[in-house]
Amino acid sequence: MTNLSATERYHTVASMERHGGGFCRALAQAWYVADPHNKQRIEHAFEHILIDFAPGSRLHEGAQ
């Protein structure tokens, strides 16, 4: 996630919220309200989940 732009990160989390299960939706909501430091902590701790929704994945929804 560290190599993604802010826009790509936002769309990754939006994809996770839309296509993920309950935990992914809750994690997305936490990311939305987190300060920059805590967003970084979420991205680091749950990178193995976020990568499933990142650009290049079948679930990623980039800007239309």
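The legends below describe close-up views of a predicted model.

**View 1. Helix 1 and the elements against which its buried residues pack.** Helix 1 covers residues 6-19, and at 1.5 Å a residue its 14 residues should span 20 Å, a value with which the separation of 20 Å between its end C-alpha atoms agrees. The residues of this helix that are buried are His-11, Thr-12, Val-13, Ser-15 and Met-16. These buried residues pack against helix 2, which comprises residues 22-33, and against helix 4, which comprises residues 47-50. An α-helix has 3.6 residues a turn, so residues three or four places apart point the same way.

**View 2. The surroundings of Ser-15 in helix 1.** Ser-15 has a relative accessible area of 0% and is therefore buried, the cut-off being under 20%. A polar atom of the Ser-15 side chain lies 3.4 Å from the backbone oxygen of Leu-59. Leu-59 also appears among the residues in contact with Ser-15 once neighbours within four places in sequence are left aside, the others being Gly-20, Phe-53, His-60 and Glu-61.

**View 3. Thr-12 of helix 1 and the residues that it touches.** Thr-12 counts as buried because its relative accessibility is 0%. When residues up to four places away in sequence are not counted, Thr-12 touches Met-1, Leu-4, Leu-50, Phe-53, Ala-54, Pro-55 and His-60. For one of these residues, Pro-55, the C-alpha atom is 7.0 Å in space from that of Thr-12, although the two residues are 43 residues apart in sequence. Within helix 1, which holds both Glu-8 and Thr-12, a polar atom of the Thr-12 side chain lies 2.8 Å from the backbone oxygen of Glu-8.

**View 4. Glu-8 of helix 1 and its contacts.** Glu-8 has a relative accessibility of 31% and so counts as partly exposed, a class that lies between the cut-offs of 20% and 50%. Leaving aside neighbours within four places in sequence, the residues in contact with Glu-8 are Asn-3, Pro-55 and His-60. Glu-8 and His-60 are 52 residues apart in sequence, and their C-alpha atoms are 9.4 Å apart in space. Pro-55 and His-60 are likewise among the residues touched by Thr-12.

**View 5. The largest pocket and its lining.** About 200 Å³ of space lies in this pocket. Its lining is formed by Met-1, Thr-2, Ala-6, Arg-9, Tyr-10, Trp-31, Pro-36, Lys-39, Gln-40, Glu-43, His-44 and Glu-47. The elements that give two or more residues to this lining are helix 1 and helix 3, the latter running over residues 36-45. Helix 3 supplies the largest share, five residues. By residue class, the lining divides into five nonpolar, three polar and four charged residues.

**View 6. Ala-30 of helix 2 together with Ile-42.** Ala-30 has a relative accessible area of 31% and is therefore partly exposed. Between Ala-30 and Ile-42 the C-alpha to C-alpha distance in space is 8.5 Å, and the two residues are 12 residues apart in sequence. Helix 2, in which Ala-30 lies, is one of the elements against which the buried residues of helix 1 pack.

Technical notes: Residues are numbered from 1 along each chain as its sequence is written. This is a predicted model: local features need pLDDT of at least 70, side-chain atom pairs count only at pLDDT 80 or more; totals for chains, interfaces and linings use all residues. Side-chain values use heavy atoms; hydrogens and water are left out. Helices (H or I, at least four residues) and strands (E, at least two) are DSSP runs, numbered from the N terminus. Buried means under 20% relative accessible area, exposed over 50%, partly exposed in between (1.4 Å probe, protein chains only). A polar contact is a pair of N or O atoms within 3.5 Å; within protein, one must be able to donate a hydrogen and the other to accept it, and residues adjacent in sequence count only if both atoms are side-chain atoms. Contact means heavy atoms within 4.5 Å. On a 1 Å grid over the protein atoms alone, a cavity is a set of points where a 1.4 Å probe fits but cannot get out, and a pocket is an open set with protein on both sides within 12 Å along at least five of seven lines; lining residues have an atom within 4 Å of a point. Grid points are joined across faces, edges and corners, and a volume is the space filled by probe spheres set on the points. Ala, Val, Leu, Ile, Met, Phe, Trp, Tyr, Cys and Pro count as nonpolar, Asp, Glu, Lys and Arg as charged, and the others, Gly among them, as polar. The expected span of a helix is 1.5 Å times one less than its number of residues.
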